[in-house]
Amino acid sequence: MNPGRKRQVRLVVSLTLAVLLAGGLIYTSFSAADEALTPTQLLARAKTDLSYQLTGTVVKGSVRRLPGGVLDFSLADRAGGGRAVPVIYTGAVPDPFRVGRELIVTVSKRGRDFVAAPGSMITKCPSKYSPAPSTKST
Amino acid sequence: MAVVGRAVLVVALLTTLFGITAALYGARHGRRDWVDAGRRSVYALAVILTVAFALLEVAFIDNDFAFNTVANDSSLTTPLFYRAAAMWGSQEGSLLLWVWLLSLWSSLAVFLTRNRLREVVPYAVSVLLGFGAFFTSLLVFFATPFGTTTPAPTNGVGLDPLLRNPSMMIHPPMLYSGYTFFTIPFAFAVGALITRRVDAEWIQVARRFALASWLFLGVGILLGARWAYSEIGWGGYWGWDAVENAALMPWLISTAFLHSIMIQEKRGMLKIWNASLVLAASTLAILGTFLVRSGILSSIHAFGASTLGIPFVVLIAVMVIGSIYLVVSRRDVLRSEHRLDSLFSREAAFMLNNVLLVGLTFVIFWGTFFPLISEVATGTQSVVGTPWFDRYTVPLALMLVLLSGIGPVIPWRRATLAKARRNFALPLVAAAAMLIASFTVLPISSSVPTVALFCCVAFVFASVGQEFWRGWRARRATSGDSPPRALISMVRRNRRRYGGYIVHVGLAVLFVGVAASSTFSRTQFVNLQKGQSTVVGGYKMTNVRPTAAIVTDPTSTGALLTLGVIMRVTHDGRYVTTLHPVAQYYDDETGGEGPVGSLIGGDSVSTLSLHSSFRRDISAAIDAPDIQSELQGEINHANTLVLDERSEGAVAQTKLSYYLLAAIAGGYVRHPPAAPLKLASSPLVMWLWLGALVVFAGGLIAIWPTAGVSGRVRARYLARVAHELGRA
């Protein structure tokens with residue numbers, strides 16, 4: 001094979017490989033991704049065995065600490081209104097976790113309850129970051 | 001003072017606009033004096049922004065709550081150290097920090113190139129001032145740090161307790177220095193492409209500053225990881241968070257650039273690729289700033305949605321389109337001088353390393369932006385989690401570690417079989433020995449990626465060690481120096497090479513820590529009553545007794561109440577250590593929960609108590625008890641008691657509030673509820689930090705300028721310039 005042709009073959013092979021890998025990456029990202037939903041959307045369309053990324057605010061009076069480091073609380077839409085989603089959570093609780101704070105947690109439906117993936121809780125910005133007056137409700 | 005501050009920012013903006021015009025005019029008409037005026041504008045910008053920075057800093061230290069930024073991010077109870085750092089807790093303050101650092105580092109770059117690159121510098125100055133103009137106009141028009149309120153509030157909201165960590169003083173400036181340093185190679189690349197002076201000289205400048213940004217950004221990332229590790233709930237040292245990824249992407253691309261640039265220096269190849277990498281790294285750095293500052297993606301760092309999205313998108317679009325145009329229109333001067341001789345050569349190894357690093361960056365980019373991508377593609381936002389990232393990053397990282405052992409020992413141009421045998425025999429033996437050890441001595445055989453990584457690391461140690469040994473032996477033979485002197489002079493004579501090798505070793509050590517701790521950590525969440533114990537990874541941890549302290553805060557972050565537990569750790573009956581995890585409660589300056597309740601009504605923060613050793617970290621953290629609800633009765637009672645004493649005056653009331661808080665704390669210690677604890681035993685975490693230190697030591701060795709070395713480097717560059725002229 002002459003050098004020019006060899007280079008062409010090399011180029012085609014490596015480009016094909018790159019396209020295949022990128023395709024695989026893109027395919028898996030869509031199949032492995034979790035939908036990001038609000039509590040109202042989650043209640044409307046959650047299916048058993050799929051996991052979702054749920055974003056909502058902690059409902060007042062819903063937080064209970066159970067033995068074994070289990071946390072039981074409900075999340076509601078940030079805008080208010082709608083039904084709250086009860087969540088069972090184990091794992092590290094970020095410091096800003098509080099009633100009225102917005103947080104993100106990965107949940108899946110088990111029967112009527114939603115069980116969170118252990119350690120998946122992320123709290124969004126504490127209210128102090130925003131220039132608006134403090135909106136703490138505790 | 002706020003008026004002065006705003007005026008100073010306007011002057012800064014005018015300075016940048018004047019400097020851009022002067023430098024461009026000087027370049028077009030060949031007027032040195034105008035070019036010099038442009039360069040001096042960069043220095044002037046640095047001086048002006050230093051004044052603005054100092055004004056705001058003084059306002060923070062003096063508790064001048066008339067400034068909105070001070071009122072929002074500082075307070076009377078925020079200790080001095082954190083008041084000084086509170087400036088970059090705010091959007092406006094951090095943008096000011098960004099542009100201030102930009103002006104300082106730009107001045108350094110412009111100063112170092114004052115007698116060089118005559119044609120390129122005017123354009124580079126314009127680009128640097130262009131970034132300066134962008135960020136100053138954000139400060140002038142969109143997010144002024146000098147906004148005021150009259151009458152001034154008597155107290156501020158306070159710096160978020162989560163940010164009251166010594167890292168707050170150093171992590172953001174380091175990270176921002178890294179980001180701003182990236183504008184310098186970008187500016188010089190643009191200048192070189194515009195003037196078609198894509199010779200060896202600009203590459204030298206670009207490489208130096210790319211190395212500086214690589215170093216600063218790396219230190220910034222590691223400090224952030226260390227900080228996240230010490231706070232409960234930030235999910236350990238790395239969580240594939242959008243903002244973490246934003247810093248990692250330009251770092252990876254600049255790593256690729258620092259390697260591929262060597263191919264251009266030695267062989268005149270990959271010029272288009274290198275120019276693209278420089279431009280891409282800087283664009284990703286701006287993108288990183290954008291992600292941190294705009295809150296467009298959900299992140300633990302999300303600093304609130306802001307109005308800065310559109311200006312940033314415009315800037316990034318200009319950078320991307322301009323970069324593509326420049327590279328495409330200058331492709332004729334960017335042609336390669338040589339072709340790849342063999343796939344078994346250092347060039348090929350570096351190219352593979354580049355492909356892997358760019359691939360890794362693409363994976364991270366895709367995952368980071370997936371919420372936006374999926375929203376466009378399917379209409380609903382979706383996210384990918386750590387398992388998805390790990391699936392791609394783990395094999396890519398493994399291959400990169402292996403390559404970091406192959407690169408140093410594979411010859412340029414073409415490796416012969418004999419040479420390969422000579423260079424690879426020892427590293428292969430080391431890797432094989434590690435493989436055997438993994439299944440016999442070391443307890444890691446249950447995790448295939450960890451075994452693979454350990455073998456790659458053994459390979460790297462052996463190959464780099466062999467290079468050091470050979471260079472040292474040769475140096476001793478030729479110079480006749482004593483062994484230690486020969487080692488030092490060997491490194492000094494070729495800092496880049498040996499600095500780079502040290503970086504490789506450091507990264508290998510770092511990955512040992514990452515692999516072991518992420519695979520073999522044991523974590524437990526338990527509620528332990530006083531006297532109860534549990535076993536985590538073979539370590540028995542006992543809740544000895546609760547503790548409480550008011551006002552005196554062991555870490556001086558300004559917490560008014562600190563609750564904790566003393567934990568005793570034993571292993572096989574032998575005493576190991578005593579841990580003291582605490583939760584700290586901060587006051588709520590709005591006073592919404594009554595006189596006593598407000599003392600502890602703000603945020604609470606739990607900090608890890610850590611026992612680090614070479615072999616493992618034992619840690620405990622207490623999940624801050626929700627005293628607001630658990631002690632609601634006591635606090636309400638105390639509130640009424642204080643309010644009943646209204647006649648005694650404000651001082652007596654405050655005093656009484658603290659007494660009652662002390663009584664509540666005392667009651668908590670006498671009748672403690674079960675402590676909600678996070679207990680962990682993680683092997684080899686310390687290797688991660690030690691490896692990082694080695695990486696940065698290597699980076700410093702590589703970047704450190706010395707007269708003799710830079711003279712020789714310049715001679716080599718001159719030789720290349722002459723070579724290029726000869727071809728032209």
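# A guided tour of chains B and A

Begin in chain B by selecting residues 533–536, strand β3, together with residues 539–550, strand β4; the two pair in the antiparallel sense over four bridges. The model on display is a predicted one.

Zoom in on the end of this pair. Which residue stands opposite B:Tyr539? The partner is B:Val536, with B:Tyr539 lying in β4(B). Two residues separate the strands in the hairpin of β3(B) and β4(B). Select B:Gly537 there and inspect the backbone: this residue takes a positive phi near 55 degrees.

Next, select strand β10 of chain B, residues 616–622, and strand β11 of chain B, residues 675–683. How many bridges join β10 to β11? There are seven, and the strands run antiparallel. For one point of reference along the pair, label B:Ala621 and B:Lys678: the latter, in β11(B), is the bridge partner of the former. In general, strands of a sheet pair through backbone hydrogen bonds, either parallel or antiparallel, so displaying hydrogen bonds is a convenient way to follow the pairing.

Now widen the selection to the sheet that contains these strands. In chain B, β2, β11, β10 and β9 follow one another in that order in an open sheet of four strands, with antiparallel pairing. Select residues 522–528 for β2 and 609–612 for β9 of chain B; these are the edge strands, each pairing on one side only. Neighbouring strands of this sheet are turned against each other by 15 degrees on average, direction ignored.

Step back to the domains of chain B. Colour residues 1–164 as domain 1 and residues 530–673 as domain 2. The C-alpha centres of these two domains of chain B lie 41 Å apart. Where the two touch, 13 residues of domain 1 of chain B are in contact with 10 residues of domain 2 of chain B. What is the make-up of the side of domain 1 that touches domain 2 in chain B? Its residues divide into five nonpolar, six polar and two charged.

Finally, hide chain B and select chain A, which has 138 residues. Colouring by secondary structure brings up two helices and eight strands in chain A. Trace the chain along its sequence, and the elements of chain A appear in the pattern α-β-α-β-β-β-β-β-β-β. Of the residues of chain A, 36% count as buried. Among the contacts in chain A with a separation of 6 or more, 49% are made by residues 24 or more positions apart.

Terms used:
Residues numbered from 1 in each chain as written. Chains lettered and ligands numbered in written order. Predicted model: local features only at pLDDT ≥ 70, side-chain atom pairs only at ≥ 80, totals over all residues. Domains from an automatic or database assignment. Contact = placed C-beta atoms within 7 Å. Nonpolar A, V, L, I, M, F, W, Y, C, P; charged D, E, K, R; others polar. Buried ≥ 20, exposed ≤ 12 C-beta atoms within 10 Å, placed from the backbone. Pairing = 2+ DSSP bridges. Axes fitted to C-alpha atoms, helices over the stretch in contact; angles between N-to-C directions.
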